[in-house]
Amino acid sequence: MKCSRMKIVASSEYLYSVYESAIRYIVCLERKTCNCDRFQLDEIPCPHTIAVLKSKNITDMHLYCSDYYKPEALAITYEFPIVPMPDKKDCSILKEILEEFILPPTYKRMPERPKKGRKKYSSEKIRTSTNSCSRCGHEGHNRKTCNFILKEK
C-alpha cells in the first residue's frame with residue numbers, strides 16, 4: 001500500500017529514483033542498495049525497492065533477499081547436532097588455575113569532586129529555598145524590595 005503512493009523514475013536498467021512525499025531515494029538493483037539503508041542492513045527489499053520491483057512487474061522478490069532468510073540456510077545451521085554442556089560439578093579444573101591468586105584491580109581516584117555518599121529517598125521532600133522578607137515576613141521578596149508599609153499609631 002505504501003509503495004502505491006511512490007513515483008518511480010528510471011535512470012538506467014538497474015538505477016532508479018523513487019519519490020516518496022517529496023523525498024528522493026536512489027535504488028540500485030544491481031548492488032542491492034537504497035539510500036534509506038534498510039535494504040543494506042536488513043538484506044531484504046525496503047518499500048522503495050519493492051515499488052521499483054512492482055513497476056518492473058517482478059513478483060519473485062526472493063532474488064533480492066539474502067540467503068540467510070531462505071529455508072536452506074536454516075537447514076544447514078542445524079545440520080550438525082548440538083551437544084549440551086556438561087554439568088558444572090562434572091567439570092575438572094586444573095590445579096594451577098585453582099592455586100592462582102587474583103588481586104582486584106587497583107583503585108584509581110577520579111579527578112573530579114567525589115559524589116555525595118548519601119542518596120535521598122523518594123519519600124523525602126526536596127526543599128527549595130525562597131526569599132522571605134525580614135520586615136513583613138512574606139515570601140518572594142527581601143527587605144530592599146518590600147512594598148509593605150507599616151502604619152504607625
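**Group meeting talk: E20, H48 and the surroundings of helix α2**

Leaving out residues up to four places away in sequence, E20 touches K2, M6, Y25 and H48. I begin with that residue, and I should say at once that the model before you is a predicted one.

E20 belongs to strand β2. Is E20 buried or exposed? Its relative accessibility is 16%, and since buried means under 20%, E20 counts as buried. One of the residues it touches, H48, deserves particular attention, because the side chains of E20 and H48 are joined by a polar contact of 3.0 Å.

Let me now take the other partner. H48 is part of helix α2. With a relative accessible area of 6%, H48 is likewise buried. Which residues does H48 contact, once neighbours within four places in sequence are set aside? They are M6, V18, E20, Y25, V27, C34 and C36. M6 and Y25 also appear among the residues that E20 touches.

From the single residue I move to the helix. Helix α2 covers residues 47–55, and its buried residues are P47, H48, T49, A51, V52 and L53. What covers them? The cover includes strands β1 (7–10), β2 (15–20), β3 (23–28) and β4 (33–34), together with helix α1 (38–42). Just after α2, N57 adopts a positive phi of about 60 degrees.

Two further positive phi values deserve mention, each in a loop between strands. The first case I take is S21, in the loop between β2 and β3. Its phi is near 45 degrees, a positive value in a residue other than glycine. S21 is exposed, with a relative accessible area of 63%. A22 lies in the loop between β2 and β3 as well, and at 80% relative accessibility A22 counts as exposed. The second case is K32, placed in the loop between β3 and β4. K32 is not a glycine, yet it has a positive phi of about 55 degrees. At 35% relative accessibility, K32 counts as partly exposed.

Next, the loop between α2 and α3, where helix α3 spans residues 71–77. S66 is found in this loop, and so is D67. Which of these is buried or exposed? S66 counts as buried at 10% relative accessibility, whereas D67 is exposed, with a relative accessible area of 53%. The side chain of S66 makes a polar contact of 2.8 Å with the side chain of E43.

Some separations in space may help in reading the overall layout. S66 and N147 are 81 residues apart in sequence, and their C-alpha atoms are 78 Å apart. For D67 and H141, 74 residues apart along the chain, the C-alpha separation is 73 Å. A22 and P86 are 64 residues apart in sequence and 60 Å apart in space, C-alpha to C-alpha.

That brings me to the protein as a whole. How many helices and strands does the protein have? There are four helices and four strands, and along the sequence they follow the pattern β-β-β-β-α-α-α-α. The radius of gyration is 36 Å, well over the 15 Å that the globule rule gives for 153 residues, so the protein is more spread out than a compact globule. Taken along the principal axes, the C-alpha atoms fill a box of roughly 100 × 70 × 30 Å.

Several totals complete the description. Of the 153 residues, 16% are buried. Among contacts between residues at least 6 apart in sequence, 22% join residues at least 24 apart. The protein exposes about 14,700 Å², of which carbon and sulfur atoms supply 56%. As for charge, there are 28 positive and 19 negative charges, and their mean positions are 20 Å apart.

To close, I return to the starting point. The side chain of H48, in a buried position, makes a polar contact with the side chain of E20, and E20 too is buried. H48 is among the buried residues of α2, whose cover includes all the strands I listed, β1, β2, β3 and β4, along with α1. Thank you; I would be glad to take questions.

Definitions and conventions. Residues are numbered from 1 along each chain as its sequence is written. Side-chain values use heavy atoms; hydrogens and water are left out. Buried means under 20% relative accessible area, exposed over 50%, partly exposed in between (1.4 Å probe, protein chains only). Helices (H or I, at least four residues) and strands (E, at least two) are DSSP runs, numbered from the N terminus. Contact means heavy atoms within 4.5 Å. The radius of gyration is taken over C-alpha atoms; the globule rule is 2.2 Å times the number of residues to the power 0.38. Accessible areas come from the Shrake-Rupley method with a 1.4 Å probe; for residues, only the protein chains shown count as cover. Lys and Arg count as positive and Asp and Glu as negative; His and the chain ends are not counted. The place of a charge is taken as NZ of Lys, CZ of Arg, CG of Asp or CD of Glu. A polar contact is a pair of N or O atoms within 3.5 Å; within protein, one must be able to donate a hydrogen and the other to accept it, and residues adjacent in sequence count only if both atoms are side-chain atoms.
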